[in-house]
Every structure is written in C-alpha cells, then in structure tokens.
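Reader: Hey, got a minute to go through this one with me? I'd like to start with the ring contacts.
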Amino acid sequence: MKATRIGYITITLIICCFPLFSQQNVSIHAEKQPALEVFRQIAAQSGLTIYYNPVDVDSLIVTLECKNMQPAEAIQQALEGSHLQVFPFADKYVFVLKDKKLITSLPDNFFESSRKEEEEKSNFAAVLNKQKEQKATSENKVYTIGDASTSGSGKIKLSGHMTDFRTGEPVVGAVVYIENPTIAATTDAFGFYTLLLPAGRHNLQIKGMGLKDTQRQVMLNSDGQLDIELEEQVYSLKEVTITSDRIANVRSNILGAERVNFKEIKNIPTVFGEKDVIRVVMLLPGVKAVGEASSGFNVRGGSTDQNLILFNDGTIYNPTHLFGLFSAFNADLVKDIELYKSSIPAKYGGRISSVLEINGREGNKKKFTGSASLGLLTSRITLEGPIGKKTSFIAGGRTTYSDWLLNLLPEKSGYKDGKAGFYDLNLIIDHKFSDKDNLYASGYYSHDHFYFDSNERYSYTNANGSLKWRHVFPNRMTGTFTGGYDHYDYLTKTEENPAEAYKLHFGIDQVFGKLDFTHYLSEKHTLDFGGGTTYFRLNPGENLPNHPESLVTPDKLQKEQAMETYFYLADRWEINDRLSVSAGLRYMMFNAMGPRTYSLYDPTLLPGEGTETESKTVNGFRAFKTYHAPEIRLSARYAFDSDFSVKAGFNTLQQNIHKLSNTTIMSPTDTWKLSDANIKPQKGMQVAAGLYKNFMGNSIETSIEAYYKTMKDYLDYRSGAQLTMNHHIETDVISTQGKAYGVELMVKKTQGKLNGWVSYSYSRTQLRQHDARISDPINDGNWYPADYDKPHEVKFAGNYKFTQRYSFSLNCDYSTGRPVTLPVSKFNYAGGEFVYYSGRNQYRIPDFFRMDIAFNIEPSHKLTLLTHSTFSIGVYNVTGRKNAYSVYYISEDGKLQGYKMAIFGAPIPYLSYNIKF
C-alpha cells in the first residue's frame with residue numbers, strides 16, 4: 001500500500017525556510033552571485049519554501065538569467081554543472097539535494113515496521129540505547145530525555161558532549177542556557193556540560209565564539225544525556241551577524257582571567273611569521289614581556305618563576321625555543337589557552353602569581369587530515385584522524401634551520417660562526433569507552449641546542465607525559481583522574497681544550513597524580529573538590545670532567561627530594577539571579593625529604609661563614625622539614641543587568657620552588673631550588689575588584705580591574721652571589737618583600753569583520769629588604785622598583801576581515817622603559833679609579849614601542865579541493881625602532897662609554913606558507 005503524502009526523507013537536512021505565499025513565476029538577473037542570494041530572490045518572488053543543506057551551497061557561485069520562468073526550472077538552471085539536484089513537491093516546496101533522491105511515498109512494509117517499532121518502545125532499555133546513539137542536530141525536533149512515566153517535579157540533570165560537526169572535536173567554552181529562569185553552563189576543556197533544570201519542556205540556547213547561534217528543544221522527564229553537534233559561524237560579505245558567548249564574561253564569578261582560542265592566535269603577527277602562544281599571552285593586559293626575543297613574562301608584578309605553565313596538565317619549566325624567539329608550543333596542536341591572573345581556581349597552586357593553562361586539541365574523529373607549514377626559520381607538520389570508531393589521534397612536529405640567521409651577524413659580534421636549532425614532538429590520543437568514560441593520553445618532548453663558538457656548547461630539554469580518565473558518575477557528579485611525569489634539564493659543556501674540558505648539568509623530575517571532582521548539588525550549588533600529590537627530584541648541579549685529560553675536579557651538589565600534597569574544596573553558589581559567590585579552601589603540605597645533610601645557623605644573624613651552629617644529616621627517604629598552610633580563594637559577582645556586573649576577589653597562595661638567576665629573563669642555564677630548612681616558601685596575597693560591561697548584544701566587552709598584591713620571602717641575592725654549584729646557597733640569598741598594585745582597562749570585540757582588543761595598564765612593582773639582620777640593606781631598607789617595574793603599557797591586537805579569505809592584522813605595543821642601575825660618577829681612592837653607581841633601579845631605559853602588520857590569505861572554501869593553502873605576509877617591527885633591550889657601560893681608552901643594545905633594530909619582513917590536506 002502506498003501513501004499519497006510525504007513519509008520519510010532519506011537524508012537529514014539543515015532546513016532554511018522562507019515565507020510561504022502562492023507560487024509565482026520568477027525573473028532573475030544574477031551574475032556570479034552566491035547561490036544563497038539567488039535562492040532568496042526566487043523564494044521572495046515565487047512564494048516557494050526552499051530546503052537545502054548550507055554546507056552544499058555556502059561557497060557556490062552561480063549565474064542565472066531568466067524571465068517569467070517556473071521557480072523549480074530557474075533553480076535547476078542556476079545549479080547546472082553542480083552536483084545538486086532539484087526536487088519540487090506539492091507545488092509549495094523545493095528540495096535541493098546532493099546526489100540524493102527524494103522519496104515521496106511510504107515503503108510497502110511501512111506499517112509492519114511501525115508495529116515492530118511499537119514493540120521496541122515497550123522495552124525502555126532499547127529506547128535509552130537509541131537516545132545514546134543519536135546526536136541532537138536539529139533545531140526543530142523535540143528531544144525526549146528519560147521515561148515519561150517517571151517524570152517528576154524536581155530538578156533534572158541534563159548533561160552531554162558538544163562537538164564540531166565537521167571534525168568531531170570537542171567545543172570548549174560554549175554556553176548553553178535557558179532564559180526563564182536563567183540557568184546556564186559552559187562546556188569544559190573536554191566539551192562536556194551539565195545543567196540542572198526543572199522537569200518539562202525547555203528551549204536550550206547555545207552560543208559560542210566563532211559558532212553559529214543555535215537552539216535545541218528538549219522534554220525532560222528524568223536525568224539523561226543530550227550530545228550536540230555545532231557549526232562554525234559563516235559571515236556574509238554584505239552583512240555582519242553577531243554571535244557571542246560573552247555571557248560568561250559578565251555572569252561568571254571569575255575575574256582576572258583571559259581565554260584565547262586558536263582562531264585568535266593564528267592571526268597575531270609575530271617575528272618570522274611563526275604562530276606563537278607565548279607572544280599572544282604577552283599582548284594581554286597585566287602581562288609584561290621581560291624583553292624582545294627573551295623567554296619569561298611577568299604577571300601583575302610577579303617574577304618569571306612565579307607563573308605556573310601547564311601544557312595538558314604537565315609543567316613546562318622553560319616555555320621557549322631559540323633564545324626566546326619562539327614559544328615551546330606548536331600552535332597547530334593548541335586548542336585554547338587560559339591565563340588566570342586572579343581568582344585562581346582552588347585546584348591550581350604551586351605558584352603565587354598566575355596560572356597559564358594550555359590545552360591541546362583532540363584529533364579529527366571523522367576523517368584523516370593534516371597540515372604543514374614552511375617558514376623562514378621553522379617548518380612543522382601535523383597529522384590527525386580517527387583510529388576505529390572510538391579513538392582519534394593528533395601528532396605534530398617542528399624543527400628549525402636557523403643557522404643562516406647567525407651567519408648574517410657581523411664578524412665582530414663573535415656569533416657569526418655559531419649554530420642553533422631545536423625540535424619538538426607532540427602526540428595526543430583520546431578514546432571514548434562509553435558515554436560515561438573517556439581516556440586522554442598526551443606526550444610532549446622538545447630539545448634545544450646552540451653554541452656561539454667552537455668551545456662552549458649548550459642544550460636543554462623539556463618533556464612531559466600524562467594520562468587522564470574522565471568519568472561521569474550517576475549521582476550528578478563527574479570526576480577526572482590524572483597522572484603524569486615532567487622533566488627539564490640543561491647541559492653546558494666544553495671540549496676544545498682537553499685540560500679545561502667540563503660538563504655542567506642540572507635536572508628536575510616530577511611525578512604527579514591528582515583527582516578532581518565536580519558535584520552538581522542543585523541548580524544553585526556546584527561543589528568542586530579533590531586533591532593531588534607531586535614528587536620532586538632535583539639534581540641541583542654537577543660539574544664533571546669532559547675529557548680523560550681534563551684537570552676539572554668533579555663536583556656534585558646533593559640531590560634534593562620533596563613531596564607536595566594538597567586537598568581543596570570549593571563551592572559556587574548562585575544566591576539569586578544577581579548575586580553569586582565562590583568560596584574555596586586549598587590546604588597545602590610540603591615535605592622536604594632526605595637523604596640530606598644541611599646546616600643550621602644562628603637565628604639572630606644572616607646565614608654565612610661563622611654563623612653556622614650545627615650540621616644535621618638525614619638518612620633515608622623521610623621528611624626533615626615540613627611547611628603547611630591553607631590557601632583561601634574567594635570571589636563574588638553582583639549583576640546589575642544581564643550585561644553589567646561588578647566582581648571582587650581575594651586569593652592567598654604559596655610557592656615551594658624557587659628559580660636561582662641573576663637576570664630578569666628565563667635563561668636555559670637557570671637552576672631551581674626547593675624549599676628546605678633554610679629557604680622558606682614564597683607567599684603571595686592578592687585582592688582585586690572589577691567592573692564588566694558589554695555592548696552591542698554582548699559583541700563588545702569592556703572591563704576595568706584593579707588589584708593589590710603582596711609577596712613575602714621572595715629570593716634576592718647578595719653582592720657577588722654564586723648561583724651555580726653553590727653547596728650553601730642559603731648564604732648568598734636574602735628574603736625580600738614585594739608589593740604590586742595597578743589598574744587594567746580593556747575593550748575587546750569578539751565577532752564581526754573587525755575583532756581584537758585594546759588595553760591600557762598602570763602598574764607598579766616594588767621590593768624591599770626589611771630583615772633587621774641585614775646590616776646594609778638595598779636603598780636603606782626602603783622600597784625600590786623591581787627590574788620589571790614598567791608603570792604604563794598600551795597594547796592593541798586587531799584583525800580585519802575583508803572577505804572570508806583575506807584579512808589584515810595589526811599589533812601595537814608601548815610600555816615604559818624598565819628600571820636599571822647606572823654608573824653616575826667615578827672617583828679615585830688609594831691610587832685606584834672606582835665607579836660610583838646610582839641607587840638600585842633609579843633610572844630607566846628608553847620607552848618601548850613596536851608595531852607589527854600582516855596580510856593573511858585563508859584557504860579556499862571549495863569543498864572539492866584536495867588541499868587548502870594559507871599565506872601570511874607581514875613585517876615585524878614595521879617602524880624599525882631600535883628598542884633598547886639593556887644599557888651597559890664599558891671602559892674604552894680610559895673612559896666609561898655607555899651603549900644601548902637592541903635585539904631587532906630594523907623591520908623584519910616574513911612570508912609563511914601553510915597547507916592543509
């Protein structure tokens with residue numbers, strides 16, 4: 001038996017409908033116009049409703065010349081030569097399908113099949129299995145969650161996984177919410193979300209940066225899962241459609257946090273055209289670059305070692321390659337980065353200034369793809385794809401061929417014959433056991449080597465690996481179990497002169513494990529809790545002969561070991577629609593472990609020669625010094641309106657590992673020191689407040705944040721301090737106090753043809769030696785500027801899209817020059833000539849300014865192409881300004897002559913070519 005009405009369509013369509021009127025013939029004149037625009041004209045003239053899949057026609061350009069023609073014939077003529085076919089139906093509808101046929105009658109066994117389906121419906125388990133297999137792709141369908149017979153009036157947990165419909169990768173930071181009452185959630189780093197909603201029917205609104213605004217209709221009967229596939233937003237050339245996930249900017253309790261996704265990273269002009277994660281971080285307000293082409297950055301007055309840098313949960317100790325020219329992270333494998341300057345979540349600790357979390361991408365779950373890049377100094381390749389039905393991978397590698405750059409340096413520089421290079425490797429694998437269990441494995445390895453003459457050679461290595469299991473528990477709780485290993489080492493060696501040949505080595509290893517849980521107690525309370533432990537093993541240094549004839553005496557510092565354990569509990573409480581509070585407590589315990597021999601000193605005097613009172617030896621792996629303290633995390637938000645709020649926060653933190661360096665930058669030869677019986681942990685406290693206001697439908701964010709922070713037991717050094725191979729480093733360091741305060745203003749536009757941000761920061765960082773045991777403290781014990789104190793800073797990062805393929809990027813960076821100590825006079829004494837220096841950091845080097853530009857050509861959007869190419873042409877330091885990196889003085893012909901050193905004193909053009917396949 002055949003039915004005369006439409007039954008089932010054999011493919012799933014994304015439906016775009018136009019108003020329905022009585023059908024009329026059409027007259028169209030269109031010369032090389034988008035197919036979508038032609039469809040609009042035909043629908044407007046004829047009254048037809050046209051159904052089509054946007055993916056099939058987004059990049060299709062057509063030409064149509066017709067007069068008084070049937071609408072279906074006009075569409076067919078416009079699509080001539082394409083793979084699309086036209087199917088009119090019932091004189092009211094037209095379906096545009098790709099290599100498909102429209103079935104307009106029911107199959108002969110339709111009713112028999114229907115009876116089978118009715119029988120299956122009686123089996124509730126079968127229904128649940130079907131619900132698990134499907135993904136919510138339609139805005140018009142009502143998805144039933146749970147069994148209607150068990151529907152109640154209480155709160156129901158709706159959770160799910162949001163993915164990109166093209167690649168299957170998780171979508172991070174998307175906001176899903178209902179409007180009345182306002183209940184919202186944000187997808188986590190794995191793309192998962194959880195909502196607690198009243199029973200009944202709801203319209204879920206979904207928004208995200210770079211995503212097409214969409215909605216899903218659900219009927220909630222009991223706890224269940226709804227997985228959602230999302231599309232990227234495509235902008236018309238003639239109009240700008242604004243979407244936003246900036247609800248979180250105003251509605252969340254977090255302040256002092258900045259999230260940047262890959263799309264923003266790739267358009268930032270950088271030196272030599274290499275996409276650079278760390279350079280993007282340095283463009284954010286409150287973050288100060290130590291210097292051009294140098295590693296390390298300062299956040300809200302903190303030193304470079306006070307930033308915790310995490311890559312897929314692993315700690316990175318040196319985040320750069322090639323003297324700081326490039327970051328240690330392959331941007332093609334980075335999904336997003338998040339910087340916490342304040343309101344640091346309770347699950348993070350170990351540093352007192354900031355946390356930089358870098359998350360790697362998951363591989364394409366639907367097809368095998370890849371990309372490659374060729375630049376002036378580096379090349380890279382990335383491969384990704386599915387392994388079976390439940391596993392995917394992504395792997396990438398980078399290398400450099402930078403020796404030619406050193407060869408261009410003048411002969412008198414001493415670096416002309418130098419060589420430098422690096423490589424790094426990444427592998428990320430994810431596997432889905434079930435809707436409740438996911439496993440993620442990540443591995444990273446990088447190696448740098450360089451030398452400036454044939455004698456002394458340097459190298460350093462970063463490595464980490466982690467395994468993460470995410471589980472969804474039945475009682476509205478999710479858990480993540482993570483374990484991993486981190487490693488960093490450097491090696492300096494000489495071998496040209498056998499008698500003096502040596503090798504100096506430093507290394508740090510750490511093994512960690514942690515448990516993180518989130519329990520959704522109610523729609524107003526979300527509980528985060530967990531704990532973890534880290535085992536540290538340091539080789540503080542060993543200096544060994546590097547040749548059988550070497551006269552170098554072997555010297556090894558004692559190995560250092562420690563255990564750091566923490567537990568935390570935090571509650572996010574939505575008191576009402578306007579007021580919400582987050583409160584957390586993190587308790588940290590640090591144990592310095594043996595075996596170890598150490599000295600004790602007279603507490604009334606600074607540690608040094610002659611002040612030692614006794615020597616102690618600890619045998620075996622047991623604690624000889626314990627530090628423990630609570631860390632408080634508080635923040636609150638009051639929303640005056642849906643787009644305007646005020647926030648405040650308070651944090652205390654503790655840091656048990658210290659960098660030993662006499663420079664402001666992070667050098668490959670820096671060593672690290674664990675707290676022990678003589679060196680206390682650093683302590684930090686920060687209070688912050690801010691105003692947040694969005695404009696133009698949340699497409700423009702504005703914020704102003706103010707902060708004040710203190711630091712205690714920060715390590716400074718005595719004059720002539722020896723930082724390497726020092727068996728009693730406590731005799732050369734001095735505990736120093738610090739304070740920092742400032743105001744940060746930011747305007748950010750996230751969508752449209754023009755997007756980016758501009759910020760201004762006023763900040764001060766000051767130090768003082770306030771220990772009464774110091775006989776001659778710096779600046780008489782008064783406050784003096786830190787080496788990285790730069791009061792004023794203005795930053796701009798913008799990108800303008802002319803079309804879908806062509807865009808222009810511009811960066812501007814201005815800051816006050818950093819403080820320096822200068823010789824101000826000379827005098828003769830006892831027959832010798834001496835130099836008199838100013839007070840510590842009393843003067844400043846000239847102000848810094850740099851402008852970078854780039855023109856970007858994106859891949860073609862034609863789906864039939866096998867490869868897609870991307871070009872970036874730009875100029876770094878387009879004004880050619882000679883920004884002083886440092887100021888130094890040397891004696892020439894009996895006179896003290898001053899010089900300014902600039903890293904990039906001329907415009908640096910670049911060309912970068914990328915290909916995707």
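Reader: So how many aromatic pairs does the structure hold?
Author: There are 23 aromatic pairs, and keep in mind that this is a predicted model.
Reader: Take Y800 and F802: what's their geometry?
Author: Edge-to-face, because the planes meet at 75°, and over 60 counts as that. The ring centres are 5.1 Å apart.
Reader: Buried or exposed, those two?
Author: Y800 is partly exposed at 33% relative accessibility, and F802 is partly exposed too, at 43%.
Reader: And how do Y806 and F855 pair up?
Author: That pair is stacked, with 15° between the planes and 6.2 Å centre to centre. Y806 sits in strand β48 and F855 in strand β53, so the pair ties together parts 49 residues apart in sequence.
Reader: Which residues do ring pairs link into a cluster?
Author: W469, F473, F481, F517 and F529.
Reader: OK, switching to charges. Which ring does R457 lie over?
Author: The face of Y451, at 4.1 Å from the ring centre. There's also K693, whose charged end sits over the ring of F695, 5.5 Å from its centre.
Reader: Now the largest nonpolar core. Which residues touch the most other members?
Author: Out of 34 residues, they are Y317, Y488, F506, I508, L538, F590 and L674.
Reader: Which strand gives the most to this core?
Author: β31, with four residues.
Reader: What does L674 touch?
Author: Leaving out residues up to four places away in sequence, its contacts include F536, L538, F590 and H658. Apart from this core lies another one of 26 residues, among them V280 and I337.

Notes
Residues are numbered from 1 along each chain as its sequence is written. This is a predicted model: local features need pLDDT of at least 70, side-chain atom pairs count only at pLDDT 80 or more; totals for chains, interfaces and linings use all residues. Side-chain values use heavy atoms; hydrogens and water are left out. A nonpolar core is a set of buried Ala, Val, Leu, Ile, Met, Phe, Trp, Tyr and Cys residues joined through side-chain atoms within 4.5 Å. Buried means under 20% relative accessible area, exposed over 50%, partly exposed in between (1.4 Å probe, protein chains only). Helices (H or I, at least four residues) and strands (E, at least two) are DSSP runs, numbered from the N terminus. Contact means heavy atoms within 4.5 Å. Rings of Phe, Tyr and Trp (its six-membered ring) pair if their centres lie within 6.5 Å; planes under 30 degrees apart count as stacked, over 60 as edge-to-face and the rest as tilted. A charge sits over a ring if NZ of Lys or CZ of Arg is within 6 Å of the ring centre and within 35 degrees of the ring normal.
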